[in-house]
Amino acid sequence: MVTGLQPLHLQIHQEATYARVARARSSSNFFTVIFSPTDYESKSNGIHIHPQNFLFHNQISFAENHRDSGAKAIYTDGSKTDEGTGSSYCIFENYGITALWQGKLDHSNSVFQAEILAIKMAIEAASFLHRPIKIWADSNECADQLAKEVITKGDPFFLPKPLSYLKYEIRPAALSIWQDNWDNGETGRSTHDIVHRVANRPVGWNRDELMFVTGHGPFPSFLHRFNLRTHDNCSCGEKGNSIHYATKCRFTLSWNFQTPTVSHKLQWLKNILTNNLSRTQLRLLMRFICDENILIVQDNN
Ligand SMILES: [Zn+2]
């Protein structure tokens with residue numbers, strides 16, 4: 001949890017869901033959320049035209065700064081804003097628009113999908129003309145305006161979501177399961193008191209701070225819990241947990257913090273972890289505990 005690494009079983013479940021939907025093209029549920037393959041684009045299988053029949057040099061040009069000659073031509077464009085995604089083409093002839101098409105895509109659709117869709121629609125329109133025509137992609141102010149305009153007003157055009165969006169959708173689902181496990185789990189409760197929300201990034205505690213907050217360190221109470229010792233006493237006679245060494249123990253007097261009241265303990269911990277002087281003091285305390293064996297009464301067994 002403090003490392004910002006999602007639990008392995010969730011990670012695996014997440015990957016498996018993606019693989020089932022994206023590659024095996026079968027419906028899959030991630031806990032309660034169902035993902036259907038028909039909502040997502042599928043990768044096309046290979047080339048449908050034999051390369052020899054595709055006259056690359058004659059049919060595709062990367063020329064820019066096209067000037068309208070008045071001849072019939074199609075211009076395409078795709079656009080994506082915070083409000084959504086739009087796709088369009090317009091047919092020009094004699095310096096004026098003679099036909100146009102606009103498709104309002106979902107906000108989940110990418111600008112690349114919008115650009116490709118516009119080109120595909122333009123090719124379909126061009127095929128009805130039964131004569132060569134130039135299609136200009138992403139190079140016309142008018143097509144750009146049409147693509148932007150359709151985002152806010154226009155008829156929805158269904159296009160499956162890109163696969164990258166599937167990952168984007170599984171992630172929050174996994175995060176909410178992780179959060180649920182964290183809130184209702186039994187381990188790490190002292191850490192839960194301070195860090196309520198799970199996240200895919202480290203909490204930012206160093207090794208000493210981790211030992212202090214989690215209580216997982218060379219403390220008698222921790223060793224006793226795992227049957228590595230028969231009792232949990234400090235050499236001074238009191239219960240040897242991390243709070244004891246940080247506040248009361250006379251062996252660690254030089255690095256003692258003021259003892260917090262029960263109701264202020266959480267704030268006290270947070271203050272220590274956010275103050276650089278306190279963090280230094282805590283580090284020295286933990287180093288001392290790790291180095292000095294006198295704190296731990298030797299067991300006979
Ligand atoms: Zn002590």
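This passage goes through the overall layout of the chain and then one pair of packed helices. The model is a predicted one.

Starting with the whole chain, there are eleven helices and six strands to keep track of. The chain is more spread out than a compact globule, because its radius of gyration comes to 32 Å, well over the 19 Å that the globule rule gives for 301 residues. Put in a box along the principal axes, the C-alpha atoms take up roughly 95 × 40 × 35 Å. As for domains, the assignment lists domain 1 as 70–153 and domain 2 as 205–291. Their centres, taken over C-alpha atoms, sit 66 Å apart.

Now for the helix pair. Two packed helices are described by the angle between their axes and by how far apart those axes are. Here, helix H1 (residues 8–22) packs with helix H5 (residues 163–184) at an angle of about 150°, and 10 Å separate the two axes. That angle makes H1 roughly antiparallel to H5, since angles over 145 degrees count as such. The crossing of H1 and H5 is right-handed.

Which residues make the contact? On the H1 side, they are Leu10, Gln14, Thr17, Tyr18, Val21 and Ala22. H5 brings in Leu163, Leu166, Lys167, Ile170, Ala174, Ile177 and Trp178. Sorted by type, the residues in this contact of H1 with H5 come out as ten nonpolar, two polar and one charged.

Notes
Residues are numbered from 1 along each chain as its sequence is written. This is a predicted model: local features need pLDDT of at least 70, side-chain atom pairs count only at pLDDT 80 or more; totals for chains, interfaces and linings use all residues. Axes are lines fitted to C-alpha atoms, for helices over the stretch in contact, and angles run from 0 to 180 degrees between N-to-C directions. Helices (H or I, at least four residues) and strands (E, at least two) are DSSP runs, numbered from the N terminus. Angles under 35 degrees count as roughly parallel, over 145 as roughly antiparallel, 65 to 115 as roughly perpendicular and the rest as oblique. A crossing is left-handed if the near helix is turned anticlockwise from the far one by less than a right angle, and right-handed if clockwise. Two residues are in contact if their C-beta atoms, placed from the backbone, lie within 7 Å. Ala, Val, Leu, Ile, Met, Phe, Trp, Tyr, Cys and Pro count as nonpolar, Asp, Glu, Lys and Arg as charged, and the others, Gly among them, as polar. Domain bounds come from an automatic or database domain assignment. The radius of gyration is taken over C-alpha atoms; the globule rule is 2.2 Å times the number of residues to the power 0.38.
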